[in-house]
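Reader: I am new to reading protein models, and I would like to understand how the words used for them are justified. Could we go through one together?

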Amino acid sequence: MGGMLLLIASLWAQVPPPPFPPAAQPLVSQNVAGLIEAAVRTRQEGNLEAATRLLVELEPLVTADDYAEYLYQRAICAELALEPVEAQHYYERVIGLEDQRVPDAHLRLAMVLEGMGQYREALDHVLIVNGIRDLSEADQLAVQLQRGIAELNLGRRGPGLRHTQEALAQLEGTENLLWMRAKARYTLAQTLYREAMDIHLDGSDRRAAKNLKKRAARMKEAEDQILALIGYKQTEWILASMIAMGDAYRDWAVELRAAKPPRKFGIVDQLAWRKEIEHYADNADTKAWHAYDEGVTLATRLGWESPRVAELKERRLEVEHSRRP
């Protein structure tokens, strides 16, 4: 975990906090398309609230030529603010227009639906885009990544892994689709964490020891995905991955403490077994706390605004309370 914190720190050590946008001139005197672009830049710098506020103030001036782009950017802001119903509303309005943003809106709507647990509907929207002819190579890879993500979330491990890993391999060594690649790595990590949680300590002593190693291996594979993700410098997905990692270790600690010693153990062996298990559980709690804390530290360093920051702080506090004697 310490190495992961150093990696995160090194990526942003020279990055100053994102500046707040300068006071705007009267909206009526400015170019609408230019103001939409300014809102996009503000959002990309990490000031989601300011970007949303600018777009809301801009709405009365938006013309038909800029309307699809305006709706699309409102949708992205709602999506990043973790307001999926509002984001869905805006993306569906974009899809109802004849505009070049329609394929993008289908793909982003798939992500929103996926976040709401509507995985089948999400895959349907991805397949709509997949059927569009004359997509650029970058767009094809983006669709393939999102298709793999949707399939993994549906539990279709084989095709999900194939589509995701093939696209990631083709993009290796480039700066293309970093946001989508980070999301794909996050989904792969989540899949591995879920598989780890399905490996339990029940059964014979030998079986429990074997399962403990298998579970540790899955957790390590998930962390490898997160380490690759960090290299993409996509803050939101790093924060999400810190939550996923922390949750996996937190839940692991809970399960360890609830485990029962092998039936053949006498009182002395049970006490020794329990002491060893408690040691493993304490280590898991410590790793959970560090994952949450690294996310909070990163967000603080960047001045990053996100609902995930509050989640990280809340989870960190919960682990602190559980660790107290």
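Author: Let us begin with what counts as a helix, since the turn after one of them will come up: a helix here is a DSSP run of at least four residues, and helices are numbered from the N terminus. Please keep in mind that this is a predicted model. Just after helix 13, G303 takes a positive phi of about 65°.

Reader: How do you know that the length of helix 13 agrees with what its 36 residues should span?

Author: The expected span is 1.5 Å times one less than the number of residues, which for helix 13, residues 267–302, gives 52 Å, and because the C-alpha atoms at its ends are 53 Å apart, the two values agree.

Reader: Which pattern does the protein chain follow along its sequence?

Author: The pattern is α-α-α-α-α-α-α-α-α-α-α-α-α-α, and the chain has 14 helices and 0 strands.

Reader: Why is I132 called partly exposed?

Author: Buried means under 20% relative accessible area and exposed means over 50%, with partly exposed in between, so I132, at 32% relative accessibility, counts as partly exposed. I132 lies in the loop between helix 7 and helix 8, and its C-alpha atom is separated by 8.2 Å from that of P103, 29 residues apart along the chain.

Reader: What makes a set of residues a nonpolar core, and which members of the largest one touch the most others?

Author: The members must be buried residues of nonpolar kinds, joined through side-chain atoms within 4.5 Å. The largest nonpolar core has 92 residues, of which Y91 and Y193 touch the most other members, and helix 12 provides its largest share, 13 residues. Leaving aside residues up to four places away in sequence, Y193 touches M219, A222, E223, I226, A244, M245 and A248. In soluble globular proteins, nonpolar side chains tend to be buried together.

Reader: What lines the second largest pocket, and which helix gives the most to that lining?

Author: There are 25 lining residues, of which E114, G115, Y186, W237 and R308 lie nearest the centre of this pocket. Among the elements that give two or more residues to the lining are helix 4, helix 5 and helix 14, while helix 10 gives the most, with 6 residues. By class, the lining has 13 nonpolar, 4 polar and 8 charged residues, and the space in this pocket is about 670 Å³.

Definitions and conventions. Residues are numbered from 1 along each chain as its sequence is written. This is a predicted model: local features need pLDDT of at least 70, side-chain atom pairs count only at pLDDT 80 or more; totals for chains, interfaces and linings use all residues. Side-chain values use heavy atoms; hydrogens and water are left out. On a 1 Å grid over the protein atoms alone, a cavity is a set of points where a 1.4 Å probe fits but cannot get out, and a pocket is an open set with protein on both sides within 12 Å along at least five of seven lines; lining residues have an atom within 4 Å of a point. Grid points are joined across faces, edges and corners, and a volume is the space filled by probe spheres set on the points. Ala, Val, Leu, Ile, Met, Phe, Trp, Tyr, Cys and Pro count as nonpolar, Asp, Glu, Lys and Arg as charged, and the others, Gly among them, as polar. Buried means under 20% relative accessible area, exposed over 50%, partly exposed in between (1.4 Å probe, protein chains only). Contact means heavy atoms within 4.5 Å.
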